[in-house]
Amino acid sequence: MNVGMPRDVVWHGRTVYTGVWKEPVEGPVMLRRLNLDGDGQGDLGGHGGEQRAVLVYQLDSYRHWQRELGRDDLTHGNFGENFTVDGLPDDEVCIGDRYRVGEAVVEVTQPRVTCYRVGLRMGEPRLPALLVAHHRPGFYLRVLTEGLVQAGDEFVKLSTGPEAMTVAEIDALLYLPGHPRDGAARALRIPALSPGWQESMRALLAQEEGREGNAGLVTAAAPPAWTGFRPLTVIGYEEDTRDVFSLLLAAADGAPLPAALPGQFLTLRLPTPDGTLVRSYSLSGQPGDPAYRISVKQEPHGAAGAYLRANMRPGVTVEAAAPRGTFTLETGDSPVLLLSAGIGVTPVLAMLHALAAVRSERAVWWVHGARDGAEHAFAAEARELLGRLPHGRAWICYSRPGPDDVAGRDFAGAGRITADVLRGLRLPPDTAAYLCGPAEFMTQIAAALGDLGITAVHSELFGAQPGLTPGIAAAPARAPHPPAGDPGPGPAVSFVRSGLTVPWDPAYGSLLELAEACDVPVRWSCRTGVCHTCESGLLSGEVDYLPDPVDAPADGSVLICCARPRTELTLDV
Ligand SMILES: Cc1cc2nc3c(=O)[nH]c(=O)nc-3n(C[C@H](O)[C@H](O)[C@H](O)COP(=O)(O)OP(=O)(O)OC[C@H]3O[C@@H](n4cnc5c(N)ncnc54)[C@H](O)[C@@H]3O)c2cc1C
Ligand code: FES
C-alpha cells in the first residue's frame, strides 16, 4: 500500500503540483470514500474524486516494464498506484467487479487516466502511451464501504461486473484504433463505469461511420472539404454597418462550393504589403448556398480588417482553407438559444439561416447584444429569418441606445445581456445554447445558463482557446512571441489564433514544445500521442510523427504533442 500527498516538482523549468509520488506504508490504513488516509491528488480535474479514489497496479506489470524498459530500479508506488497487487491483471479484472479487501468493499470504475505525470515520475515520457499500447493501464476503485486495509490483505471477489468487460478491453476500446460500436454499447450497460467514461462511450457510439478521429476523446471535426488553401473569387462586397462588411466568395470556375456546417469558419491567407496574415472568419450566410459569405468587423488598427476592406472587390481572388470547426448546430428537437454579442453574431446567424431554411418547428430564441442601432449588424436579416420560424422569438439588447433607436421596435432592453435577461426568457433546461462573443462575456453567460440548469452550452471564441496545462502552477500570461534565441532553420509554422508565424527549430521535440516556447496557449495532457487533448486543426502542410499517435487524429487535424513539421504549417492554434 502506497500513499503520498501532492507536492511541487520542478519539471522543464516549470512547477508541477502532483501527488504521483507514493511511498509504501506499513500497518493498517483507513480507506475512505475519497482517499486512503495520508494520500492525496494534486489535480482533481484529472485524478482523484469518488470514481478514482484508489489506483491499482500489478506486480506482473512491474516485471513486464522491468524487461521492456531495461529497468532494475522499480519500487512499489512508482506507477503512482495506491495498491501494488499480486494478481488482478487488467485482462481479467472487469469494470463493476466488487471486492472485499481488509474491512473495505471496493468496486472497479475505470482504467487509469493517460497523463504525463506517470512518465514524469518514471523519467520515461512515452509511458502514458506505452501503458495503453501494451494493454497494462491499471485501474481505479470506488470505495463502497470504508474500512481499514493493510499490505498483505487478500482481495476477495464478491461479484463480477455486468457484461464482464475487462479493464484492458475497455481501455483499448477508447484509446486504440477501431472503437467497435458493440463494445461501446456493452460498456454503457455497466452502471459502475465512471460518468466520464460513459460520456466517452456515448460519443463513440454517436460517431459517424467511417469518420476519422476519436470522438470518445475530443469532438471529432468533419473532414475538411479540401486540403490546404485554394483560391476563391470575391463576387460580392457589401457594407453592413459602419464597421462591418461582408464578402461573398465563390469558386473561380463558378461551380458550387462544398456545403459547410452552420457555425463553421473559413480561414483566409492574405498577402498584405507588411507580410502574410492568416485570419479566420465564421461563415454568416445560408449553409449550402453555392457561394460563401463572411462578415468582417474592421477593428481600429486591425491589420486584416483594413486590408480586406481596402482590397476585396468583385473579381479579386483570395486564398482560403476549407470550412472547419466543431461549433455547429446539432440536429434534434430541443429548444435552441442563439446568443451573441457584436460581431459574434456571424456563426449563430448561419445557424438561424439553417433553421429558417427548413422552417424548423423548434423553439428558437435569438438573443443579441449590440451597442446601438448603428452598430446592430444584420438586424433586418435576422428579423426576416425569425419571421419564417413558427416558434422563433428575439430579445435584442442595446448597451447605449442612440437617439433614433426605439425601444420595443429596434431593441427590447437597454443594457447588456445579463443573467436577469436570461432568467426572464424562461428557457427550458433542455435548451441547446450556442454562444459567440467576447471571452469574458461568454464565461458570464455560460455560468448564468448553468444556474438555470442548462447544460448543453456550446461556444465559439474569436481568438486563442484558453490553455489546458494540467497540474502546472499558474504563471503570468504573456502575449505570444517568437522563441528566445536565433530563429530556427526549419519551415515556417503559423499559429493562426495567436497571430504568430515562426520558423521551426529541430531543437524542439514537437510542435507543442515550440508553441510553449512562444507562450502560445496550448492544451495537452499525455504529451505522447494517446489522449488527443492537443488535437488541433491542421489548415495546411504536412507533419511527421515521433512517436506515432496511438490512434490517428481526425482528418485535417494534428496531435501537436508528437508532431514536427515536414513542410510549412498553418495551425488553428
Ligand atoms: C474561429 C474564428 C472565427 C472568427 N470569425 C470572425 C468573424 O466572423 N468576423 C470577424 O470580424 N472576425 C472573426 N474572427 C476574428 C478574426 O479572425 C480576427 O482575429 C479579427 O478580425 C482581427 O483581425 P485583424 O487582423 O483585423 O486585427 P489584428 O491586427 O490582428 O489586431 C487584433 C486586435 O488588436 C488591436 N490592435 C492592433 N494593432 C493595434 C495597435 N497598434 N494599437 C492598439 N490596438 C491594436 C486591433 O484593434 C484588434 O482589436 C474569428 C476568429 C476565429 C478564431
Ligand atoms: S497531449 Fe495527449 S495526444 Fe497530445
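## The five-stranded sheet

Five strands make up an open sheet of mixed pairing, arranged in the order β26-β25-β31-β27-β29. The edge positions belong to β26 (500–503) and β29 (557–559); each has a single partner strand, so one side of each is left without a neighbour in the sheet. From one strand to the next, the twist averages 35°. The model described here is predicted.

Within this sheet, β27 and β29 run antiparallel and are joined by 3 bridges. Serine 536 has valine 558, in β29, as its bridge partner.

## An aromatic cluster around tryptophan 11

The structure holds 13 aromatic pairs. One of them is formed by tryptophan 11 and tyrosine 116, whose rings are tilted at 45° between the planes and lie 5.1 Å apart, centre to centre. This pair links distant parts of the chain, since tryptophan 11 belongs to strand β2 (residues 7–11) and tyrosine 116 to helix α2 (residues 116–122), 105 residues apart. Tryptophan 11 counts as buried at 11% relative accessibility, and tyrosine 116 is buried with a relative accessible area of 4%.

Tryptophan 11 also pairs with tryptophan 524, again in a tilted arrangement, with 6.1 Å from centre to centre and 45° between the planes. Tryptophan 524 lies in the loop between α12 (511–517) and β27 (535–540), whereas tryptophan 11 lies in strand β2, so the pair ties together parts that are 513 residues apart in sequence. At 0% relative accessibility, tryptophan 524 counts as buried because the cut-off for burial is under 20%. Trp11, Tyr116 and Trp524 thus appear as one aromatic cluster.

## Charges over aromatic rings

The ring of tryptophan 524 has a further partner: the charged end of arginine 527 sits over this ring, 4.5 Å from its centre. Elsewhere, the charged end of arginine 313 is placed over the ring of tyrosine 237, at 4.0 Å from the ring centre.

## Salt bridges

The count of salt bridges comes to 29. Among them is the contact of glutamate 50 with arginine 33, in which the closest N and O atoms are 2.4 Å apart. Both residues lie in the loop between β5 (29–31) and β6 (54–58), so this salt bridge ties together parts that are 17 residues apart in sequence. Glutamate 50 is partly exposed, with a relative accessible area of 37%, and arginine 33 is partly exposed at 39%.

A second example joins the side chains of aspartate 60 and arginine 136, at 3.5 Å from N to O. Aspartate 60 lies in helix α1 (residues 59–69) and arginine 136 in the loop between α3 (127–133) and β10 (139–145), so the pair ties together parts that are 76 residues apart in sequence. Aspartate 60 counts as partly exposed at 39% relative accessibility, whereas arginine 136 is buried at 18%.

## Loop contacts and a shared network

The side chains of aspartate 519 and arginine 478 also meet in a salt bridge, with an N to O distance of 3.8 Å. Aspartate 519 is in the loop between α12 and β27, and arginine 478 is in the loop between β24 (457–460) and β25 (492–495), so the pair ties together parts that are 41 residues apart in sequence. Aspartate 519 is partly exposed, with a relative accessible area of 29%, while arginine 478 is exposed at 53%. In addition, Glu163, Glu169, Arg186 and Arg189 are joined into one network by salt bridges that share partners.

Definitions and conventions. Residues are numbered from 1 along each chain as its sequence is written. Chains are lettered from A and ligands numbered from 1 in the order in which they are written. This is a predicted model: local features need pLDDT of at least 70, side-chain atom pairs count only at pLDDT 80 or more; totals for chains, interfaces and linings use all residues. Side-chain values use heavy atoms; hydrogens and water are left out. Rings of Phe, Tyr and Trp (its six-membered ring) pair if their centres lie within 6.5 Å; planes under 30 degrees apart count as stacked, over 60 as edge-to-face and the rest as tilted. Helices (H or I, at least four residues) and strands (E, at least two) are DSSP runs, numbered from the N terminus. Buried means under 20% relative accessible area, exposed over 50%, partly exposed in between (1.4 Å probe, protein chains only). A charge sits over a ring if NZ of Lys or CZ of Arg is within 6 Å of the ring centre and within 35 degrees of the ring normal. Two strands pair if DSSP finds at least two bridges between them. Axes are lines fitted to C-alpha atoms, for helices over the stretch in contact, and angles run from 0 to 180 degrees between N-to-C directions. A salt bridge is a side-chain nitrogen of Lys or Arg within 4 Å of a carboxyl oxygen of Asp or Glu.
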